Amino acid sequence: MAIGTAAAMIGGSVLSAGIGASSARSASRAQQQSADAATAEQRRQFDLTRADQQPWLQAGTNALSRLQDPNAFQADPGYAFTRSEGMRGIERSAAARGGATGGNALRALTQFNAGLADQTYGNWWNRQAGLAGAGQASAQSIGAFGQQTANNIGNNLMAAGDARASGIAAQGNA
C-alpha cells in the first residue's frame with residue numbers, strides 16, 4: 001500500500017471519527033434539551049394546576065377554621081339575620097299586647113332562640129363541612145398531581161443523564 005493511500009485512509013478515519021463525535025455530541029445535546037423542555041412543561045403545568053386549585057383549598061381551610069370556632073355559628077350572617085328578625089317580631093307582638101317585658105314574652109324569645117339554633121345549626125355545620133371536604137379533596141388532588149409531576153421530572157432527568165452518558169460514550173468510541 002502506498003504511503004499516500006495509507007495517509008488518506010487514516011485521514012478519512014480521523015475525519016469520520018470527528019464527524020461521529022460531533023454527531024454524538026449534537027444528538028446528546030438534543031436529547032438533553034428535550035428532557036429539559038419536558039421538565040419545564042411539567043413544572044409549568046403543576047404550578048398552573050396548583051393555582052387553579054387554590055380557591056378550593058382556601059375555601060376548605062376557611063370552613064375548617066369556622067368549624068373549629070365555637071362562636072362562628074352565631075356570627076353567621078344568615079343565622080344572625082333570622083334571629084334578629086324573629087326576635088323583633090316576637091317583641092313587637094308582645095308590645096302590641098302590652099306585655100313586652102312579661103314572662104310570656106321572655107319565654108317566647110327563649111323558645112324561639114333555642115328552636116332557631118336547633119333548626120339551623122345542622123344546616124350551617126353541613127355547609128361548612130362540605131366546603132372543608134372540597135378543600136380536603138383539592139389538597140389530595142394537588143398532592144397526587146405533585147407526586148405524578150415529581151415522577152415525570154425524575155424520568156426526564158434520568159433521560160437527560162442517559163443522553164449525556166450515551167453522547168460521552170459515543171464520542172469515546174469515535
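At 19% relative accessibility, Q32 counts as buried, because the cut-off for a buried residue is under 20%. This value, like the others here, is computed from a predicted model. Q32 sits in helix α1. Leaving aside neighbours within four places in sequence, Q32 is in contact with A160, A163 and R164.

Two other residues of helix α1 can be set beside Q32. R50 also belongs to α1, but R50 has a relative accessibility of 41% and counts as partly exposed. Along the chain R50 and S141 are 91 residues apart, while their C-alpha atoms are separated by 9.0 Å. F46 is buried, with a relative accessible area of 17%, and it takes part in one of the ring pairs described further on.

The protein as a whole is built from 4 helices and 0 strands. Read from the N terminus, its elements run α-α-α-α. Of the 174 residues in the protein, 21% are buried. The exposed area is about 11300 Å², and carbon and sulfur atoms supply 57% of it. Among contacts with a separation of 6 or more, 86% are between residues 24 or more positions apart.

Aromatic rings offer one way to follow how parts of the chain meet. A search of the whole structure finds 6 aromatic pairs. One of them joins F46 and F145, whose rings are stacked, with 6.0 Å from centre to centre and 15° between the planes. This pair links distant parts of the chain: F46 lies in helix α1 (residues 3-68) and F145 in helix α4, 99 residues apart. Elsewhere, ring pairs link F73, Y79, Y121, W124 and W125 into a cluster.

F73 and Y79 lead on to the nonpolar core. The largest such core has 8 residues, namely A63, L67, A72, F73, Y79, L116, W124 and A132. Helices α1, α2 and α4 each supply at least two of these residues. The largest share, 3 residues, comes from α4. Not counting residues up to four places away in sequence, F73 touches Y79, A117, T120, Y121 and W124.

Y79 belongs to the helix that remains to be described. Helix α3 covers residues 77-96, a run of 20 residues. From its first C-alpha to its last, α3 reaches 28 Å, close to the 28 Å expected at 1.5 Å a residue. Which residues of α3 are buried? They are Y79, G86, M87, I90 and A94. Seen down the axis of α3, these buried residues fall within an arc of 100°, so they line one face of the helix. On the other side of α3, P77, F81, R92 and A96 are exposed. The cover over the buried residues of α3 includes α2 (72-75) and α4 (103-173). Just after α3, G98 takes a positive phi of about 85°.

How values were computed. Residues numbered from 1 in each chain as written. Predicted model: local features only at pLDDT ≥ 70, side-chain atom pairs only at ≥ 80, totals over all residues. Heavy atoms only, no water. Helix = DSSP H or I, 4+ residues; strand = E, 2+ residues; numbered from the N terminus. Expected span 1.5 Å × (residues − 1). Buried < 20%, exposed > 50% of the residue type's maximum accessible area, 1.4 Å probe, protein only. Arc of directions from axis to C-beta. Contact = heavy atoms within 4.5 Å. Areas by Shrake-Rupley, 256 points an atom, 1.4 Å probe, with all protein chains shown as cover. Phe/Tyr/Trp six-rings, centres within 6.5 Å; stacked < 30°, edge-to-face > 60°. Core = buried A, V, L, I, M, F, W, Y, C linked by side-chain atoms within 4.5 Å.
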